[in-house]
Amino acid sequence: MNNNSKFMDLLERVLMPIAEKLNNNRYLTALRDGFLVALPLIIFGSIFVVLANLPFLDQIISESAFTAYQDALGPASAATLSIMALFVIIGIGYKLVEHSGGEGIYGGVVALAAFLILTPQMVEETPGGIPTSALGAEGLFVGIITAFVAAELYYFFVKKDWTIKMPAGVPGAVTRSFSALFPIALSLTAFLIIRIIFTFTPFETVQNFIYTVLQEPLTVLGGGLPATIAAVLLIQLFWFFGLHGQILVNSVLDPIWYTLNNQNLEAFQAGQELPNVVTKQFIDTFIVGIGGSGMTLAIILGIFLIGRSRQMKQVGKVSAPAGIFNVNEPFIFGLPVILNPLVLIPWLLAPVVVCVMVYYSMLTGLVPRPAGIIVPWTTPPLISGFLATGNAWQGAVLQLVSMAVVFVIWWPFLKVMDKQYYEQEQTEEAAATTETEKPSN
């Protein structure tokens with residue numbers, strides 16, 4: 001076995017078990033699905049943030065008209081992005097209980113109610129009112145942990161059969177509702193006790209405790225360049241072995257990236273300096289959003305420029321339409337990327353180089369930081385870069401430069417692969433011609 005085969009075997013032995021455990025972990029699956037439940041609402045709110053901040057509109061119409069225009073569109077984002085934690089919580093609770101075999105809807109509502117019990121209320125300003133900030137980015141970490149615990153508690157009591165039994169003949173919907181009464185009541189009582197206990201601690205609320213002990217350190221770590229590079233490398237490595245790296249890594253890091261994203265959105269809407277470089281849109285728009293994981297749209301363009309072999313040309317033709325919308329499975333499986341030692345170096349190297357370049361371009365102010373606007377992942381490059389940076393042309397230019405960098409890194413490897421395929425095709429054609437020219441008996 002040569003050194004290359006040994007290295008590949010080592011990677012497979014280390015990564016495959018990790019990927020399998022992540023993929024089969026029901027908490028991570030529920031977390032991923034919870035965000036997917038909230039995604040349409042988040043995208044809806046993001047679209048109206050873009051519309052409310054169209055470039056040059058404030059210079060075209062009067063100040064009062066522009067203010068009225070923004071006020072008219074404001075409820076769209078206030079009812080979605082500003083309270084996104086609520087949708088994620090419902091999704092997590094629903095999916096976790098459903099995965100366990102219970103009634104998912106009760107998992108969703110008990111998770112939401114538990115979170116609202118723990119959330120501090122503005123008694124002096126608005127009796128019984130809850131600050132919107134606690135329902136958005138600031139409440140996301142508490143919401144995720146609460147959803148896990150509440151859903152598990154609820155299903156624990158269901159499995160213990162601590163339920164009200166209804167007589168035969170009662171409609172099914174009524175029976176299910178009464179069956180859920182005790183498990184929900186017991187679960188929510190536990191959270192009420194937790195809230196009361198925290199009032200006697202220096203933290204005063206669960207939110208303050210989670211933010212101080214967990215959220216702040218993790219957010220700082222996840223927003224740094226080293227952690228981001230590690231995440232990008234893992235995405236690429238998982239894909240190399242045929243596993244959906246984006247889903248696996250996002251399951252772990254989405255809570256951090258969404259929190260950073262929402263902090264930028266709040267600052268953007270308030271006209272303040274954006275605090276974070278790395279956000280959900282940093283990854284989705286400037287790393288993954290250029291043809292899919294590995295920024296493969298630039299590689300497809302390279303195939304059209306240098307490809308001589310029929311196989312490479314066919315891969316380009318099949319992959320290009322989907323690649324424009326950041327779907328790159330045709331390319332990954334057609335080239336192929338999976339378990340192909342010829343592409344391992346550029347497959348790992350190109351995204352890391354681009355990640356570092358994008359990070360410092362935004363850190364130094366050369367390009368505006370992501371504005372917190374969730375751009376649909378199928379948005380073509382250049383358009384997505386423009387929208388993600390708050391309608392800044394520099395975002396589109398940065399994506400264009402990133403594509404050029406990927407193209408340059410992949411160029412020599414594409415040449416080698418194309419030559420290999422071309423020579424193989426020529427040999428096969430020559431053999432077929434020779435076979436045809438043989439005289440028949």
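**Helices, a pocket and two odd loops**

Biologist: Which helices each supply at least two residues of the lining of the largest pocket?
Modeller: In this predicted model, they are α2, α12 and α13 (280–286). A helix here is a DSSP run of H or I, at least four residues, numbered from the N terminus. A pocket is an open set of points on a 1 Å grid over the protein atoms alone, where a 1.4 Å probe fits, with protein on both sides within 12 Å along at least five of seven lines; lining residues have an atom within 4 Å of a point.

Biologist: What are the ground rules?
Modeller: Local features need pLDDT of at least 70, side-chain atom pairs count only at pLDDT 80 or more, and totals for chains, interfaces and linings use all residues. Residues are numbered from 1 along each chain as its sequence is written, and side-chain values use heavy atoms, without hydrogens or water.

Biologist: Back to the largest pocket. What volume does it have?
Modeller: About 620 Å³, counted as the space filled by probe spheres set on the points.

Biologist: And which residues are the closest to its centre?
Modeller: H244, Q246, I247, N250 and W377, out of 28 that line the largest pocket.

Biologist: Where does the largest share of that lining come from?
Modeller: From α12, with 6 residues. By class, the whole lining has 13 nonpolar, 10 polar and 5 charged residues. Ala, Val, Leu, Ile, Met, Phe, Trp, Tyr, Cys and Pro count as nonpolar, Asp, Glu, Lys and Arg as charged, and the others, Gly among them, as polar.

Biologist: So what about α2 and α12? At what angle do they pack?
Modeller: About 30°, with axes 10 Å apart. The axes are fitted to C-alpha atoms over the stretch in contact, and angles run from 0 to 180 degrees between N-to-C directions. That makes α2 (residues 26–52) and α12 (residues 245–269) roughly parallel to each other (under 35 degrees; over 145 is roughly antiparallel, 65 to 115 roughly perpendicular, the rest oblique).

Biologist: Which residues meet there?
Modeller: From α2, L28, L31, R32, F35, L39, I42 and V49. They meet I247, S251, V252, D254, P255, Y258, L265, F268 and Q269 of α12. Contact means heavy atoms within 4.5 Å. This one has 12 nonpolar, 2 polar and 2 charged residues.

Biologist: How does α2 pack with α4?
Modeller: At about 175°, with axes 8 Å apart; α4 covers residues 63–78. So α2 is roughly antiparallel to α4. F44, G45, F48, V49, L51 and A52 of α2 touch F66, Y69, Q70, L73, A76 and S77 of α4. The split is 9 nonpolar, 3 polar and no charged.

Biologist: New pair. How are α5 and α6 set, parallel or oblique?
Modeller: Helix α5 (residues 84–100) and helix α6 (residues 104–118) pack at about 140°, axes 7 Å apart. They are therefore oblique to each other. L86, I89, I90, G93, Y94, V97 and E98 of α5 face G104, I105, G107, G108, A111, L112, F115 and L116 of α6 in the contact. That gives 10 nonpolar, 4 polar and 1 charged.

Biologist: Now the loops. Which residues does a cis peptide bond join?
Modeller: L335 and P336, with omega about -5°. P336 sits in the loop between α16 (329–334) and α17 (344–363).

Biologist: And what is phi of E204?
Modeller: Near 70°, a positive value in a residue other than glycine. E204 lies between α9 (181–198) and α10 (206–222), in the loop.
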